[in-house]
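Hi,

Here is the structure I said I would pass on. Have a look at it first, and then read on for what turned up when I went through it.

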Amino acid sequence: MKYSAILIVLLLVAAALIAGCSQQQAATQQPSTTLSQTVIKVGVIASLTGPASNVGTNMWQSAQVAADKINADGGVTLKDGSKAQLKLIVGDDESTQQGGQKAATKLITDDKVDILVGGYSSAVTSAYEQTIAEYKVPYIVTGASSPIITHRTDIDTSYIFHHCPTTDTYGQYTTMFIDQVVRPAVNKKLGTSADRPFRLALLFQDTAFGKGIQTAVNDTITKNKLNIQLVSQQSFRMGESDFRTQLTAVKASNPDAVYLGAFPNEGAPIITQARRDIGLNTIFLNAENNDNAQFYKDIGQYGEGAVIESRYSPYTAPAGAVADAQNTFKQTYFTRFGTYPDMMGASTYEGVFIAAKAIGNTGTTDKATVRQALVDLKMPQVIEAMHDKTISFSPDFRESTFDLWMEQLSYNATLGETRPGIVWPDNLKTTDFVLPSWYVAGSSS
Amino acid sequence: MDNLGIFLQIIFWGLYAGCIYILLATGLNLIFGVMKIVNFAHGEFLMIGAYITATLFFLTGINPYLIIVLSMLVLIGIGAVVERLCFRPILGTGKLNEIFLSIGLIYIFQNGAAMIWGDSWQSVKSPYDGITVPVGSLFVPLDYILIMVFTAVILCGLYLFLTKTKIGMQMRATSQNRKGAMLVGINVERIDVISFGLGCSLAAAAGTLWIVSGQVFNPYMGSIPAIKAFAIIILGGLGSIPGAIIGGLLMGLAENGAAFLLGGIWKDAISFIILIIVLVVRPTGLFGEKGE
């Protein structure tokens, strides 16, 4: 019996050793690694905690929807026709610069990701760009909208690609809308001549994002010699929740409209406090990041008549193929997470597709090669309307170009919320811009 | 709007902001006065109070001005537990321990709230949303009048509690001389628990009034108000409740005046500029006594 036990143990040890050798042999017999047999690691930098967690969670979940779709379709199609699977790894920037630095460093050095996607706050994203430059990892920024992301010259930004409109772009676009649509409507309401200067007030976050909008508006007015007079330019601290005093100052300047450079958690209270507490019954124009479901919920009936510059909305889309693609994305996302994706989620969804396409085109994860693939990239638009229906990056600052639109909100009493209708440009619009009956134009007196 | 109207409106917004600060700072001062502890996590009790009121409001639809009482009672309980489990063991072991403990509590409460309620911004619509009341030449929202009335009522109640009840008098005695209070037979540990709970309940009232005014809130909302509350109690004088009231009002008025005259980015800075001036000119604060 004793010998039998010893024999069994020896046999087990021998079997284990043989198995180990077999495995070792199998491992060493593997052919040299090709991309088609590995996993492509995509790092997603998003604010999962902290003040921007609402948007950040949306970005991370949208990236997952994209990766799942790509993998379900067989994976990334490589140059030689073979396939590779995507693996997402998230880095939480904690909505802070230090958190962003930590997340980027971990993804690059510990997780050894092949490419990065994400980034929301411009202040946070710009804080860890030095790390991106140092390790030369291709990074598709899908949320931070300050142009400094790729325009800055103090560090090498050549590995950074900007897949969201910058404050320069939409600040200019919104200002042109004011000049071409809002100004004539106000003049018509007042019965004044077309040369009456339009009285515009700015209320913006005291950050790169808010100041970027301020600069864009000022530059657009000067460059195009627009008949718009900036009657008030007020700033506020990021994350502020009580805007009544600044709004009192804005109201004292008698504006025809107010352009807000604010995040959704600021934009909704600004408009609510302005209309409810201050009696500032004017048109509020908002940056595109406000076009999300939480904003519509928070603003309630006070959003009536407000305008949002947009490229993706939870509640509307320009007619055509993009609308169908957006609806599919929204439904897939809703089925999985029970909510609808927002704009930053949409561009992050596309960011994963762009990453997959660039790596697929080269058939390698070599970072310099992937970077060049992004420079040379020309791929069909995914879910957002792009210029020429193509996603590509400009040769100077590596920025993609979106087709933007302006939408105006109207109150739906059944829902208890406002819903948007596209009012500009003419080729996309679904309804006309109107001045609400309660609207009060500014006066110089 | 004429210049007088604008001036009055800024004063009004300052008074409203001052009400929130007064409640927060008075609670903090009550705790400091009795226990002499520095609790940087006081803003988190404001946040918890806000969430409790909001949750009950969302679930039941009961008027949030009525829920304020319940929210204050819950925070008395939470405050008592925190005092008993966290602060009492380290009482008298040095300010550094208190500071690190309270910083730890900030993270625990913030992350706990984020786990329970999520960390996206939320807002509450008051039942009186959109109703305005004529006050002189101004039309001001009814909610702000109610906020000022509630603050006054709570402060009057606190005054009566401290001056007319036995426990209130024991709290004042402990605040004035802890050893003396022990010698005359006051159970100072019991007074510590009550003071801490009461201070937290005032923070809960501030949190409730914060949200009914239409301001958005999330788990991280308490940090800045807590810092300002500290500035207020230093400004008014450590341990002085009248100082906290005057300091809170001054802070609210100064912030809103600066935001109007100098711009929104000066809103926070002005409070600390005033604080530095007061500390240089009168280091004990406006109503403080030497030795605090």
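Let me start with the two domains of chain B: their C-alpha centres lie 19 Å apart. Before going further, please keep in mind that this is a predicted model. The domain assignment puts residues 27-220 of chain B in domain 1 and residues 222-292 in domain 2.

How many residues bring these two domains together? On the domain 1 side there are 13, and they are in contact with twelve residues of domain 2 of chain B. Two elements of chain B, α1 and α2 (42-60), each give two or more residues to the domain 1 side. Of the elements there, α2(B) gives the most, with five residues. Sorted by class, that side of domain 1 has seven nonpolar residues, five polar ones and one charged one.

Staying in chain B, have a look at how α1(B) sits against α10(B), the helix that covers residues 241-261. The two pack at an angle of about 145°, and their axes are 7 Å apart. As for handedness, α1(B) and α10(B) make a right-handed crossing. The contact of these two helices has 15 nonpolar residues, along with nine polar and one charged.

One residue of α1(B) that you may want to click on is B:F32; the helix itself spans residues 3-35. Is B:F32 buried or exposed? B:F32 is buried, because 23 other C-beta atoms lie within 10 Å, and the cut-off for buried is 20 or more. Beyond its neighbours within four places in sequence, B:F32 is in contact with B:I37, B:I233, B:L238 and B:G239. If you want a distance across the chain, the C-alpha atoms of B:F32 and B:W117 are separated by 30 Å, with the two positions 85 residues apart along the chain.

Now for where the two chains meet. Here 30 residues of chain A are in contact with 29 residues of chain B. On the chain A side, the elements that give two or more residues are α2 (53-72), β8 (228-236), α9 (244-252), α10 (264-278) and α11 (293-299). Which of them gives the most? That is α9(A), with seven residues. By class, the chain A side comes out as 16 polar, nine charged and five nonpolar residues.

A residue to look at here is B:W121, which lies in the loop of chain B between α4 (95-117) and β1 (132-135). Leaving out neighbours within four places in sequence, B:W121 is in contact with A:N54 and A:N265 from chain A, and with B:V216 and B:N218 from chain B. B:W121 has 25 C-beta neighbours inside 10 Å, so it counts as buried. The C-alpha atoms of B:W121 and B:V216 are separated by 6.1 Å, although the two residues are 95 apart along the chain.

On to chain A as a whole. It has 14 helices and 15 strands, and its C-alpha atoms fill a box of roughly 105 × 50 × 40 Å along the principal axes. Of the 445 residues of chain A, 54% count as buried. Taking the contacts in chain A with a separation of 6 or more, 68% are between residues 24 or more positions apart.

Finally, some backbone details in chain A. There is a cis peptide bond between A:W424 and A:P425, with omega at about 0°. A:P425 lies in the segment after β15 (417-424).

Two residues that are not glycine have a positive phi: A:K389, at about 55°, and A:R398, near 55°. Where do they sit? A:K389 is in the loop between β12 (379-380) and β13 (390-391) of chain A, while A:R398 is in the loop between β13 and β14 (405-412). Their surroundings can be told apart by neighbour counts. A:K389 counts as exposed because it has 12 C-beta neighbours inside 10 Å, and the cut-off for exposed is 12 or fewer. A:R398 has 23 C-beta neighbours inside 10 Å, so A:R398 counts as buried.

Over to you!

Cheers

Definitions and conventions: Residues numbered from 1 in each chain as written. Chains lettered and ligands numbered in written order. Predicted model: local features only at pLDDT ≥ 70, side-chain atom pairs only at ≥ 80, totals over all residues. Helix = DSSP H or I, 4+ residues; strand = E, 2+ residues; numbered from the N terminus. Contact = placed C-beta atoms within 7 Å. Nonpolar A, V, L, I, M, F, W, Y, C, P; charged D, E, K, R; others polar. Axes fitted to C-alpha atoms, helices over the stretch in contact; angles between N-to-C directions. Left-handed = near helix turned anticlockwise from the far one by under 90°. Domains from an automatic or database assignment.
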